[in-house]
Amino acid sequence: MTFEAMNSKRIFLKQASAAALITASAHPMLTWALPQEPAVSLPGEQSMVLRSFRFIDLESPVEYFNTWLTPVPHFFVRNHMYEPIETQDDWSLTIGGEVDKPFSLSLRELSRLEIHSVVNTLECAGNGRGLYRPQVPGIQWGKGAVGTARFSGPRLRDVLQRAGVKSTGKHVMFRGLDEVPGKVPPFIRSIPIEKALDVDTLIATHMNGSPLSKHHGAPARALVPGWIGAASCKWLTEIKVLNTEFVGNFMSPGYRFPNQPVKPGEAVKPEDTHPLTALTVKSVIAGPGDGASLKAGRLAIHGAAWAGEADIAKVEISADGGTTWSSAKLGREQAHYAWRLWSFDWKPPKSGEYTLQSRATDSQGRTQPAVAGWNPSGYLYNAIDEVKVRVL
Ligand code: MTE
């Protein structure tokens with residue numbers, strides 16, 4: 001096989017799947033979500049849940065939500081198509097549209113700009129989709145399409161200001177370099193100019209202090225803090241200032257939410273929806289795990305809670321089906337767009353079966369609902385979390 005062929009992502013994936021049939025038993029830590037399919041060996045991504053085989057979609061097991069910053073190999077990956085077969089040497093970023101001076105930057109030029117860091121919880125809008133009833137089509141994410149990292153890179157506003165945004169510039173469009181399969185539309189989305197000019201919106205080149213990995217958008221991605229993950233375009237190659245919101249598949253019909261609550265299973269007209277922006281309030285129990293058998297005595301219930309552009313005000317725990325709630329202790333580490341780890345010291349009154357629940361409230365007064373607002377695309381699942389445990 002030629003080097004060029006070896007370089008092809010598609011061939012790599014085919015090889016990986018074939019190899020996995022043989023080597024699955026050599027990776028006892030690898031978790032597989034779809035029982036009939038073979039496990040796949042992806043370098044450096046052991047223990048992740050593989051949600052899609054064709055394009056790489058990896059979910060973090062919730063027990064990884066025990067560090068404030070998620071290590072990169074444990075950070076979920078969401079790809080709509082093939083990752084680019086890039087050569088970083090000829091990568092460039094063009095800035096154009098409604099600007100006075102369009103220009104382009106090489107990676108070297110980009111790296112000379114002033115660097116800013118933001119700790120951000122990145123969550124896929126579809127996280128938790130698999131928990132909606134009735135079920136909706138799409139990747140059946142469990143609870144782990146979310147992670148927190150320190151993203152670093154130049155501010156988007158510095159680059160836009162250098163180009164000189166015209167008064168007609170109302171939205172900023174990002175184009176990714178993904179390898180587009182067949183007739184699938186390219187990954188292009190836009191954000192309003194106000195969010196683009198925010199001091200914390202970045203052209204990120206680093207994650208947790210290291211250059212971005214391929215899965216997470218190397219060499220540069222947009223980082224739109226507090227917003228759904230889809231806003232943070234990976235493998236960024238073009239920034240274009242527009243006089244109106246971008247029109248395309250990943251803005252509509254993709255990533256839109258009904259304007260009014262809908263009955264589960266009900267269809268929604270496109271004109272009755274709006275584009276998703278900031279994340280909502282949510283908490284997840286990282287431990288004990290669902291179905292765990294626990295020794296009696298003092299037990300730690302712990303997890304993470306986040307709220308997009310808002311801060312977490314409190315996390316409450318119930319061990320009696322929601323009749324009584326007690327406040328969990330919030331972790332010391334915090335940043336505006338980042339999750340708070342939390343823990344609760346629980347002493348079960350007697351042995352038996354318990355349903356443990358966690359419920360977060362944020363600085364805007366939003367509280368996790370008992371039932372998440374069903375919508376036809378299964379976005380923004382944020383129901384009160386629960387696990388069932390047995391105390392011996
Ligand atoms: N950018 C490009 N170019 N292509 C993509 O498929 N997926 C988006 C976003 N940026 C995507 C993209 C979605 S839906 C999410 S949730 C985040 O990237 C996931 O980022 P991660 O894979 O680094 O965790």
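Mentor: A pocket is an open set of grid points with protein on both sides within 12 Å along at least five of seven lines, and its lining residues have an atom within 4 Å of a point. Keep in mind that this model is predicted.

Trainee: What makes a residue part of the lining of the largest pocket, and which lie nearest its centre?

Mentor: An atom within 4 Å of a grid point is what counts. The largest pocket has 24 such residues, with Pro253, Gly254, Tyr255, Ser377 and Tyr379 nearest its centre. Its volume is about 450 Å³, and domain 2 (88-275) and domain 3 (282-391) each give at least three residues to the lining.

Trainee: Where does the ligand sit?

Mentor: The ligand sits in the largest cavity. A cavity is called that because a 1.4 Å probe fits there but cannot get out.

Trainee: How do you know that His216 makes a polar contact with the ligand?

Mentor: The cut-off for a pair of N or O atoms is 3.5 Å. A polar side-chain atom of His216 lies 2.7 Å from a ligand oxygen, so the pair counts as a polar contact. Of the ligand's exposed area when taken alone, 530 Å², the protein buries 100%.

Trainee: What makes the pair between Asp178 and the ligand a polar contact?

Mentor: A ligand nitrogen is 2.6 Å from an N or O atom in the Asp178 side chain, and the limit is 3.5 Å, so this pair counts too. Asp178 is one of the residues that come nearest, among the 21 around the ligand.

Key
Residues numbered from 1 in each chain as written. Predicted model: local features only at pLDDT ≥ 70, side-chain atom pairs only at ≥ 80, totals over all residues. Heavy atoms only, no water. Near = heavy atom within 4 Å. Polar contact = N/O pair within 3.5 Å; in protein donor to acceptor, adjacent residues only side chain to side chain. Areas by Shrake-Rupley, 256 points an atom, 1.4 Å probe, with all protein chains shown as cover. 1 Å grid on protein atoms, 1.4 Å probe; cavity = no way out; pocket = protein on both sides within 12 Å on 5 of 7 lines; lining within 4 Å. Sits in = over half its atoms within 2 Å of the grid points. Points joined across faces, edges and corners; volume = space filled by probe spheres on them. Domains from an automatic or database assignment.
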